[in-house]
Every structure is written in C-alpha cells, then in structure tokens.
Amino acid sequence: MQPIQIALVRHGRASGGWDTALDPELDDLGRSQARDVANKLDPIFVGKEVEIISSPLLRCQQTADAFVKLRALPVRVCADVTEIPSPSGLGMAERVVWLREVMQGKWSDLDQNYVDFKNQIIEFISAIERDTVIFSHFIAINAVIGALTNDDRLVIRSLDNCSITVLERDAAGNLRLVQSGHEADTLIR
C-alpha cells in the first residue's frame, strides 16, 4: 500500500491583518498566489483523486478555489483546521500584540484551550485516510510540524503565504514530515 500524501497549504496573502479584519478576503497578490499554488499542487497529486479541505475562513476558501476548479472537485469546509483563536474580549488592535507575544513561546505556556486547539488539529490530520490537500493557517500548520518533530514552540517554521508542507501517512497510521513549506519573513499585520 502506497503512503497517503497530505499537503498543508497556508492561505494566500489576505487583504487585511489581525488588527483590522476578523475574516479578510485575499488581496490581488493572494489571488495570484492561489493560482500559482494550485499549479504546484497538481503534479504532487498527479493521477490521484484527492480530498480538498479548507478552514472556514474566507482567505483559505479563496486560496482553495483555484485548486478546486483545476481538479473539478468539491471542497469540504472544516473548523478542525482553522486559525488559532484570539482570547475572547480582546480588541482588534490588541490581537496583534497578543499573537506576536504567544508566537515567541510554547504551547505548554498557554492555557488548556490552546493546547486543546493544537491537539484537535493533530488528531484531525492523523485520522486522514486518503490523499488530501488542506488549506489552513500559519499557526495550525506549525502545530502539526511541531507534533511531528517533537517541538513545543508555536512557531517552528516561518511559512510563507501559499507554502506547501507535505506529510505522508503509512499503512500503520504513522505520519512523517516529507517537505516543509517555503519560508519568508511573515508579517503579522
């Protein structure tokens, strides 16, 4: 039995940042990145029917759209691969300050809600049983990388917009990191 391939794709560049929009759409560059990543994903899964999953946030769904159209397949929107939630009651301007601070630390430094968030993502990905492309977020993808490399930091890789991180799942259900997505100086805006 061939290993199952799972591609984790960070969404394209959004039109707004953490301090200005809760659910921004892609900007023009983000839409171009989405078309480019669809063309990069296609050869990875040549000859394979894949499941396409997206975070419920608009920037992920819009990034997925180009690959959905290329493959003529439906997308399943799934909250299990969404963005790390900011603390309730935090104002828009305070969200960026909070995120920058927690990105410097470890999952074990955060309260149980965040550990549960991380574990939910890992459990969801570990249960995938077919070739899959998941359009998700910077911290969510880093949570998976951390689980596979036994690294408790929130940020292990500075994944660029539309980077592709590839995992394989063997017949016994073991996941391994095959390729980490390309990095850039990620601006949390």
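**Exercise 1. Place phenylalanine 135 in the fold, decide whether its side chain is buried or exposed, and list what it touches.**

Step 1: element. Phenylalanine 135 sits in strand β4, which covers residues 132-136. Helices (H or I, at least four residues) and strands (E, at least two) are DSSP runs, numbered from the N terminus. The model is predicted, so local features need pLDDT of at least 70 and side-chain atom pairs pLDDT 80 or more, while totals for chains, interfaces and linings use all residues. Residues are numbered from 1 along each chain as its sequence is written, and side-chain values use heavy atoms, without hydrogens or water.

Step 2: burial. With a relative accessible area of 0%, phenylalanine 135 is buried (under 20%; exposed is over 50%, partly exposed in between, with a 1.4 Å probe and protein chains only).

Step 3: neighbours. Skip residues up to four places away in sequence, and phenylalanine 135 touches Val9, Leu41, Ile52, Ile53, Ser54, Ser55, Cys60, Thr63, Ala64, Phe67 and Val81 (contact means heavy atoms within 4.5 Å).

Step 4: a distance check. Go from phenylalanine 135 to isoleucine 164: that's 29 residues in sequence, and 9.4 Å from C-alpha to C-alpha.

**Exercise 2. Work out which side chain histidine 137 makes a polar contact with.**

Step 1: location. Histidine 137 belongs to the loop between β4 and α5, and its relative accessible area of 0% makes it buried.

Step 2: candidates. Leaving out neighbours within four places in sequence, the contacts of histidine 137 are Arg10, His11, Ser55, Leu57, Arg59, Cys60, Val81, Thr82 and Glu83.

Step 3: pick the partner. The side chain of serine 55 makes the polar contact with the side chain of histidine 137, at 2.8 Å. The test is a pair of N or O atoms within 3.5 Å; within protein, one must be able to donate a hydrogen and the other to accept it, and sequence-adjacent residues count only if both atoms are side-chain atoms.

**Exercise 3. Find the backbone atom that the side chain of glutamine 33 reaches.**

Step 1: location. Glutamine 33 is part of helix α1, and at 16% relative accessibility it goes down as buried.

Step 2: contacts. Beyond residues up to four places away in sequence, glutamine 33 touches Gly12, Arg13, Asn161 and Cys162.

Step 3: the atom. It's the backbone nitrogen of arginine 13, which the glutamine 33 side chain reaches at 2.8 Å.

**Exercise 4. Describe how α1 packs on α2, then treat α4 and α5 likewise.**

Step 1: first pair. α1 (residues 28-44) and α2 (residues 58-71) meet at an angle of about 45 degrees, and their axes are 8 Å apart. The axes are lines fitted to C-alpha atoms over the stretch in contact, and angles run from 0 to 180 degrees between N-to-C directions.

Step 2: name the arrangement. α1 and α2 are therefore oblique (under 35 degrees is roughly parallel, over 145 roughly antiparallel, 65 to 115 roughly perpendicular, the rest oblique).

Step 3: who does the touching? α1 contributes Ala34, Arg35, Val37, Ala38, Asn39, Leu41 and Asp42, and α2 brings Gln62, Thr63, Ala66, Phe67, Leu70 and Arg71.

Step 4: second pair. α4 (residues 112-126) packs with α5 at about 75 degrees, with the axes 9 Å apart, so this pair counts as roughly perpendicular.

Step 5: its residues. Lys118, Ile121, Ile122 and Ile125 in α4 face Ala140, Ala143, Val144 and Ala147 in α5.

**Exercise 5. Go through the loop between α5 and β5 and sort asparagine 150, valine 155 and cysteine 162 into buried or exposed.**

Step 1: asparagine 150. This residue lies in the loop between α5 (138-149) and β5 (164-169). Its relative accessible area is 74%, so asparagine 150 is exposed. Asparagine 150 has a positive phi, near 55 degrees, despite not being glycine.

Step 2: valine 155. Also found in the loop between α5 and β5, valine 155 counts as buried at 17% relative accessibility. Apart from neighbours within four places in sequence, it contacts Met103, Phe138, Ile139 and Asn142.

Step 3: follow one of those partners. Phenylalanine 138 lies in helix α5 and is buried at 5% relative accessibility.

Step 4: cysteine 162. Cysteine 162 is in the α5 to β5 loop too, and at 7% relative accessibility it is buried. Its phi is positive, about 65 degrees, though cysteine 162 isn't a glycine.
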